[in-house]
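Got your viewer open? Let's take a walk through this model, one selection at a time.

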Amino acid sequence: DFLAALSHELRTPLNPVLLLASEAAGDSQFTPDIRGLFETIRNGVELEARLIDDLLDVTRITHGKLSLNLQTVDCHAILHAAFQTVQSDIEQKNLKLTGELEADRRWIKGDAVRLQQVFWNILKNAAKFTPEGGEISVRTESDHKTGELRIFISDTGIGLNEHEISGIFEAFSQGEHSSSSGKHRFGGLGLGLAISKMLVEQHHGRIEARSRGRDMGSTFEISVPYCEDEKERGPVA
């Protein structure tokens, strides 16, 4: 209850700051340097808002107050939308993003916005923890024995050890890189993967993380039931 109330009160005053900074960042009457400063403000506010939204999501889900807008949606279309949201991160670090979306059963019953949030969280992490020039790959397949669509998101990043894998989906949990003595420090609250797991489970699916160890990259596998009868298709996300 404390987090829900605090998060709402913190989020509300950020809206006018974000609006003013966004308008100023695109105002041609200012010099490029000034617009750059407003762009920095906007980016900072957007990040702060994202962290607060994560807190709100955790409280909504754990209190059973997050409702899903379930429709029959094209998971491949949702993945493509998620690709667009991380494009700037990919380009900034000169990463290579490849997709093999070959599942023949790609229609699922789900909330397109929340599923995109799951994919965005994992792709964002992959971009964050993959060094410049690295690779991120996304692959889908249909498992007709279990009736599930499987999504694999892999990277060539810093990887995970066994201890990190065991607690990676816990709220406020971060890897050893976040410790004061850690080699890598990337910030964040450690909520993105916890929220992703909760959302996947609300779609009657599961999510798992695998890695061969430090600096050996990682793979996240998401499995959700696909629609047996694809004739009744909803709108494409």
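Before the first stop, a word on helix geometry: an axis is a line fitted to C-alpha atoms, for helices over the stretch in contact, and angles run from 0 to 180 degrees between N-to-C directions. Helices (H or I, at least four residues) and strands (E, at least two) are DSSP runs, numbered from the N terminus. Residues are numbered from 1 along each chain as its sequence is written, and side-chain values use heavy atoms, with hydrogens and water left out. This is a predicted model, where local features need pLDDT of at least 70 and side-chain atom pairs count only at pLDDT 80 or more, while totals for chains, interfaces and linings use all residues.

**Stop 1: α4 and α6**

Select residues 75-85, which is helix α4, and then 112-129, helix α6. The axes of α4 and α6 come within 9 Å and cross at roughly 50°. That makes α4 oblique to α6 (angles under 35 degrees count as roughly parallel, over 145 as roughly antiparallel, 65 to 115 as roughly perpendicular and the rest as oblique). The crossing of α4 and α6 is right-handed (left-handed if the near helix is turned anticlockwise from the far one by less than a right angle, right-handed if clockwise).

Now show side chains. Which residues of α4 meet α6? They are C75, I78, L79, A81, A82, F83 and T85, and their partners in α6 are A112, L115, Q116, F119, W120 and L123. Contact here means heavy atoms within 4.5 Å. By class, this contact has eleven nonpolar, two polar and no charged residues (Ala, Val, Leu, Ile, Met, Phe, Trp, Tyr, Cys and Pro count as nonpolar, Asp, Glu, Lys and Arg as charged, and the others, Gly among them, as polar).

**Stop 2: α6 and α8**

Keep α6 and add α8, residues 192-202. α6 and α8 pack at an angle of about 145°, with their axes 9 Å apart. The contact includes V118 and I122 of α6 and L193 and L199 of α8. Its residues divide into six nonpolar, five polar and one charged.

**Stop 3: α3 and α8**

Next, select α3, residues 32-62. The angle between α3 and α8 is about 40°, with axes 10 Å apart, so the two are oblique to each other. Their crossing is left-handed. D54, D57, V58, I61 and T62 in α3 meet I195, M198, L199 and Q202 in α8.

**Stop 4: a hidden space**

Last, select C75, I108, L115, V118, F119, I151, V200, I222 and V224, which line the largest cavity. The residues of this lining divide into nine nonpolar, no polar and no charged. Where does the largest share of the lining come from? Three residues come from α6.

Notes
1 Å grid on protein atoms, 1.4 Å probe; cavity = no way out; pocket = protein on both sides within 12 Å on 5 of 7 lines; lining within 4 Å.
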